[in-house]
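Me: Please take a close look at the internal cavities of this structure. I should like a connected account of the space enclosed and of the residues that line it.

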Amino acid sequence: TWHLKKIPQIVRERTFSLDNPKFEAKTKLELNSVCGIECQRKLPVPSLSDLKSLLSYETVFENGTRTLTEVNVLGAVPDPATNTTTQRPLRKKRQIYGTDSRFSIYDKRFMTNFPFNTAVKISTGCSGILISPKHVLTAAHCLHNGKDYVKGSKRLRVGLMKTKSRGNGRKRKGAKRSTSDGMPSFQWTRVKSTHIPKGWFKGVAGDIALDYDYAVLELKRPHKRKYMELGISPTIKMMPGSMIHFSGFDNDRSGQLVYRFCSISDESNDLFYQYCDAEPGSTGSGIYLRLKEPNKKKWKRKIIAVYSGHQWVDINGEQQDYNVAVRITPLKYAQICFWIHGNDENCTQG
């Protein structure tokens, strides 16, 4: 069951202009992080002043200008026990590249219907998910490498799926013929502004930067599709079979929507470590669950995490690989909800 939780308040304190970014960083679809799951467990719980700094955010507008908004956090109750999840007695070997368990969605009845139609393509090479009539959730590193915005993010666009026609009717002169019926093509929409938490930026967050690898894009014009609501990420033991689901546009299956589901193997307060088969391109996908609505017989899918990608992590001097997702905690829910609505009135419960 989805459990309602009281959400902390994110309150805007002041906004001021910054120099225009250079947009010169290279997009990295595979990240190196020094802080693995053992390191994550030892991280201290951020203080209120830390949270105010980490959850302050930059906004970049389509004309290339940039602002920093400082926030206050009200009603946050840090839980010191949450980073120490119970150690599992036996740890499975992570089969990142074992048998490929991904499904390519070909049937346009599925592709253009919920939940698959909520997946979108980001012009910098990542995926994302629709979270309102005008907003898309994705990974921060698809837009910013921690020091500067990536090339291509200045004229950022979001591709919404539409299926190619059979080629009936008159063909425009010079237009390419659709080679494979039912494969998705994209209707591209310009991005009006992007929000990235300051916790993602190097020099602010130190080892915990990965915890803040999420961003929200505001589209220039609303789409008319069904989107997926945000949910608070439950712990592994509260998930049916510890299973998660997500769809994205993996680079090795060009032009295809790729769906997968798998079990989560471990968690920290802010991250999931899981076995999902995924290739670059699916980074930024929304990870969702289907749980029962409280006191109702209805089931509902909600986004509980953002897929951050394949990480190389140094553990006791050895490089190990994981697939990692950033959990939507009550604080992150409050921030993303605030970005969508521009106030916290609609964000009191999640």
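Reply: What follows describes the cavities, beginning with the largest.

The model is a predicted one, and within it there are three cavities of 30 Å³ or more. The largest cavity encloses about 100 Å³ of space. Its lining comprises 13 residues, and those nearest the cavity centre are Val60, Ser153, Lys154, Leu156 and Thr194. Two strands each supply at least two residues of this lining, namely S3, spanning 57–61, and S10, spanning 184–197. Of the contributing elements, S10 gives the most, with four residues. In chemical character, the lining of the largest cavity is made up of seven nonpolar, three polar and three charged residues.

The second largest cavity holds about 60 Å³ of space. Pro115, Phe116, Thr118, Ala119, Gly128, Ile129, Ser247, Ser285, Gly286 and Tyr288 form the lining here. Strand S7 (127–130) and strand S16 (286–292) each contribute at least two residues to the lining of this second cavity. Gly128 and Ile129 fall within the range of S7, and Gly286 and Tyr288 fall within that of S16. The lining of the second largest cavity divides into five nonpolar and five polar residues, with no charged residue.

The two linings may also be set side by side. Three charged residues belong to the lining of the largest cavity, whereas the lining of the second largest cavity has no charged residue. Strands S3 and S10 each supply at least two residues in the former case, and strands S7 and S16 do so in the latter.

Terms used
Residues are numbered from 1 along each chain as its sequence is written. This is a predicted model: local features need pLDDT of at least 70, side-chain atom pairs count only at pLDDT 80 or more; totals for chains, interfaces and linings use all residues. Side-chain values use heavy atoms; hydrogens and water are left out. On a 1 Å grid over the protein atoms alone, a cavity is a set of points where a 1.4 Å probe fits but cannot get out, and a pocket is an open set with protein on both sides within 12 Å along at least five of seven lines; lining residues have an atom within 4 Å of a point. Grid points are joined across faces, edges and corners, and a volume is the space filled by probe spheres set on the points. Ala, Val, Leu, Ile, Met, Phe, Trp, Tyr, Cys and Pro count as nonpolar, Asp, Glu, Lys and Arg as charged, and the others, Gly among them, as polar.
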